[in-house]
Amino acid sequence: MSGVFNPEKILAKYPQSLPRYTSYPPANHFQPAGGRDLREAFIAAVNGADAVSAYIHIPYCDRLCWFCGCHTKQTLRYDPVRSYVSSLIDEIALWKGKLTRKPRLSRLHLGGGSPSLLQPDDLKRLREALDTAFVIDGGTEISIELDPSDIKEGSIPALLAFGMTRASIGVQDFDPVVQAAINRPQGYDVTRDLVEQLRAAGVKSINIDALYGLPLQTMERLTKTISQVIEIAPDRIALFGYAHVPWLKTHQRMIKDEDLPDSRERYAQARMAAKMIADAGYEALGIDHFALPSDTLAIAANEGRLNRNFQGYTDDQADILLPLGPSSIGRFADGYVQNEPATGQYNAKVAAGEIPFTRGIGLSADDKMRAWVIERLMCDYSFCLSELAERFGHRSQGLVELAERIAHDDRDGLCEVSDGLFKIEPDAWPFARIIASRFDAWLELAPRQYSKAV
């Protein structure tokens, strides 16, 4: 029974920090030996798949941005990066030895850190190693995260030779005051020029990441940044809320708490920026992505094929995500696995001939049901009660009753059950994580601080 929607009341009433639900259960519930326990089952799943996706983590940057929540380290020398690429190649060789045939890669994503640090010869030998273990063809989407400050003469031809089909460029905020507060200098002209070079070179898909909730970020500063992002006209825009977790990422202690906007200011920033992007002709996808109507991500969303993983929203339909590199997380039907996060220990495990899984978690039948519900809420803001029953049979009855109870008891205008659908009300879409958390059976089992819910 939906009530009157009041954003300020909701912000005051519900938890201010919640999981981002890029997986269910969230990664903080992964067990210390879970990755090793699931190793053989994961390998068997890869061997049984016609196509898989892969994520390669590059854990190095030449500058440490204070806002960053990724697993990375700063290096002013290239030697550690080159040595690390050799470990990656050895890990790929380990997988080749475990596989009974070469599966096709449907998606390959290089993230970091800064994958654009990789020099042309290392990109070449990394691609050659991938080709020995996997089939990479014209249907493989290869996306690479780029830092404009890393792009040198010869970088773009090397990225194209590697096979890059989509470039992902982090902007965060173009305002110099905000950039100084997060140690991320990056001019608008440099970013625009890189996008123009990529398009001239034939890169057909470009996405830009922008952040709200940053230190010293005001509505005026964010408005200007979003206007500049729209001027660049990327195919996709990701509008993330800055995740301030200094208890996990100690370098974030360089950011003063008093410089951060509060929850009400964050909400206002998010709504303003989202409206600007939508008014510019982009379609809103999930809680924080936007795409031009012609983009494959928008098409997937309109066809009910939008999914969510550790890189955000995707149209990837592969059931298996293969993790390569330290801290990378893999996914298959029966669970999640994570590689050793410490680069030195990862290198040592690979050198010893060991697939470097450490943490992980197997999924129960109940986990799989709740994971499906939460992913649909995060992607579509709704799920079909009859489809839930068809997918999971009699086990789903308790979850159907929970959904009906949540909707019946709602007094905040957040959700309803109508025409067989559990739906988050359009005004409440920014609070999707709050509704998703009502279906999270793990949430109170390991209480911890998460990033801001909005």
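These are my notebook entries on a helix, a pocket, some salt bridges and a cavity.

**Entry 1: starting out**

I am working with a predicted model, so everything I jot down here is computed from that model.

**Entry 2: helix α13**

I began with α13, which runs over residues 365-380 and has 16 residues. How far does α13 reach from its first C-alpha to its last? I found 22 Å, close to the 22 Å expected at 1.5 Å a residue.

Next I looked up which residues of α13 are buried. They are D367, M369, R370, A371, W372, V373, I374, R376, L377, M378 and C379. I noted that charged residues are in that list too, including D367, R370 and R376.

Then I stepped past the end of the helix. Y381 follows α13, and its phi is positive, near 65°.

**Entry 3: the second largest pocket**

Helix α13 turned up again when I moved on to the second largest pocket. I wrote down a volume of about 890 Å³ for this pocket. Its lining is made of 35 residues, and those nearest the centre are N307, D319, R331, W372 and E375. W372 was already in my notes as one of the buried residues of α13.

Which elements give two or more residues to this lining? I listed β11 (307-309), β14 (329-332), α13, β17 (382-384) and α14 (385-392). Of these, α13 gives the most, with 7 residues.

I also sorted the lining of this pocket by class. It has 16 nonpolar, 8 polar and 11 charged residues.

**Entry 4: salt bridges**

How many salt bridges does a search of the whole structure find? The search gives 28, and I picked out a few to look at.

My first pick was R192 with D189, where the closest N and O atoms are 3.5 Å apart. Both residues lie in helix α8 (residues 188-200), 3 residues apart, which is about one turn of the helix. I then checked how open they are to the outside. R192 is partly exposed, with a relative accessible area of 28%, and D189 is partly exposed as well, at 44%.

My second pick was D279 with K275, and here the closest N and O atoms are 2.7 Å apart. These two sit in helix α10 (residues 263-279), 4 residues apart, so about one helical turn separates them. Are D279 and K275 buried or exposed? I found D279 exposed, and K275 likewise.

My third pick was D295 with R236, whose closest N and O atoms are 2.7 Å apart. D295 lies in the loop between β10 (289-291) and α11 (296-302), while R236 is in strand β8 (residues 236-241), so this pair ties together parts that are 59 residues apart in sequence. Both D295 and R236 are buried.

I closed this entry with a network. Salt bridges link R82, D121, D122 and R125 into one.

**Entry 5: cavities**

Last, I looked for closed spaces. The count comes to 2 cavities of 30 Å³ or more. I followed up the second largest, which has a volume of about 30 Å³.

Which residues line the second largest cavity? I noted S116, L118, L123, I151, S155 and L159. By class, that lining divides into 4 nonpolar and 2 polar residues, with no charged ones. The lining of the second largest pocket, by contrast, has 11 charged residues.

How values were computed: Residues are numbered from 1 along each chain as its sequence is written. This is a predicted model: local features need pLDDT of at least 70, side-chain atom pairs count only at pLDDT 80 or more; totals for chains, interfaces and linings use all residues. Side-chain values use heavy atoms; hydrogens and water are left out. The expected span of a helix is 1.5 Å times one less than its number of residues. Buried means under 20% relative accessible area, exposed over 50%, partly exposed in between (1.4 Å probe, protein chains only). On a 1 Å grid over the protein atoms alone, a cavity is a set of points where a 1.4 Å probe fits but cannot get out, and a pocket is an open set with protein on both sides within 12 Å along at least five of seven lines; lining residues have an atom within 4 Å of a point. Grid points are joined across faces, edges and corners, and a volume is the space filled by probe spheres set on the points. A salt bridge is a side-chain nitrogen of Lys or Arg within 4 Å of a carboxyl oxygen of Asp or Glu.
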